Amino acid sequence: MNFEEAIKKSIKSFMSGKLPEKLREVQEQDFYYTPEYFDLLEKDLDEDSEPSAAKKKEDTPDEV
């Protein structure tokens, strides 16, 4: 397995929710960037972008 294959395998495992438990044991602490973290980040970013889209809609004059 070359480096690129290892990275792809690692990303696929991470995206499926599998975390490297052995690394967690060695570090003796939880991971900061987990799939749940990225889910919350995505939700926050989506919420932040919605008001600006609504504001643009409000700023355009209504056609009569």
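## Exercises on a three-helix chain

Tyr32, Tyr33, Phe38, Leu41 and Leu45 make up a nonpolar surface patch with about 540 Å² of accessible area together. Patch members have over 30% relative accessible area and no salt bridge (a side-chain nitrogen of Lys or Arg within 4 Å of a carboxyl oxygen of Asp or Glu); nonpolar side chains (Val, Leu, Ile, Met, Phe, Trp, Tyr) are joined within 5 Å, like charges within 9 Å. Accessible areas come from the Shrake-Rupley method with a 1.4 Å probe, and for residues only the protein chains shown count as cover.

The model is predicted: local features need pLDDT of at least 70, side-chain atom pairs count only at pLDDT 80 or more, and totals for chains, interfaces and linings use all residues. Residues are numbered from 1 along each chain as its sequence is written, and side-chain values use heavy atoms, with hydrogens and water left out.

**Exercise 1. Describe the fold and surface of the protein chain.**

Step 1: Start with the elements. The protein chain has 3 helices and 0 strands, in the order α-α-α from the N terminus. Helices (H or I, at least four residues) and strands (E, at least two) are DSSP runs, numbered from the N terminus.

Step 2: Turn to burial. Of the 64 residues in the protein chain, 6% are buried; buried means under 20% relative accessible area, exposed over 50%, and partly exposed in between.

Step 3: Add the surface. The accessible area of the protein chain is about 6,400 Å², and 55% of it belongs to carbon and sulfur atoms.

**Exercise 2. Place Tyr32, a member of the patch, and classify its exposure.**

Step 1: Look between α2 (21-27) and α3 (35-59), where Tyr32 sits in the loop.

Step 2: Tyr32 counts as exposed because its relative accessibility is 60%.

**Exercise 3. Work out the aromatic pairs.**

Step 1: Recall the description. A pair of aromatic rings is described by the distance of the centres and the angle of the planes. Rings of Phe, Tyr and Trp (its six-membered ring) pair if their centres lie within 6.5 Å; planes under 30 degrees apart are stacked, over 60 edge-to-face, and the rest tilted.

Step 2: Search the whole structure, and 2 aromatic pairs turn up. The ring centres of Phe14 and Phe38 are 6.1 Å apart with planes at 80°, so this pair is edge-to-face. Phe14 belongs to helix α1 (residues 3-15) and Phe38 to helix α3, so the pair ties together parts 24 residues apart in sequence.

Step 3: Tyr37 and Phe38 also form an edge-to-face pair, at 5.2 Å centre to centre and 80° between the planes. Ring pairs thus link Phe14, Tyr37 and Phe38 into a cluster.

Step 4: Check exposure. Phe14 is partly exposed at 23% relative accessible area, Tyr37 is partly exposed at 25%, and Phe38 is partly exposed at 37%.

**Exercise 4. Check the length of α1 and what follows this helix.**

Step 1: The expected span is 1.5 Å times one less than the number of residues. For the 13 residues of α1 this gives 18 Å, which agrees with end C-alpha atoms 18 Å apart.

Step 2: Move just past α1, where Gly17 takes a positive phi of about 95°.

**Exercise 5. Compare the settings of Pro20 and Pro35.**

Step 1: Pro20 is in the loop between α1 and α2, and counts as partly exposed at 42% relative accessibility.

Step 2: Pro35 lies in helix α3, and counts as buried at 17% relative accessibility. The C-alpha atoms of Pro35 and Phe14 are 7.2 Å apart, with their positions 21 residues apart along the chain.

Technical notes: Buried means under 20% relative accessible area, exposed over 50%, partly exposed in between (1.4 Å probe, protein chains only).
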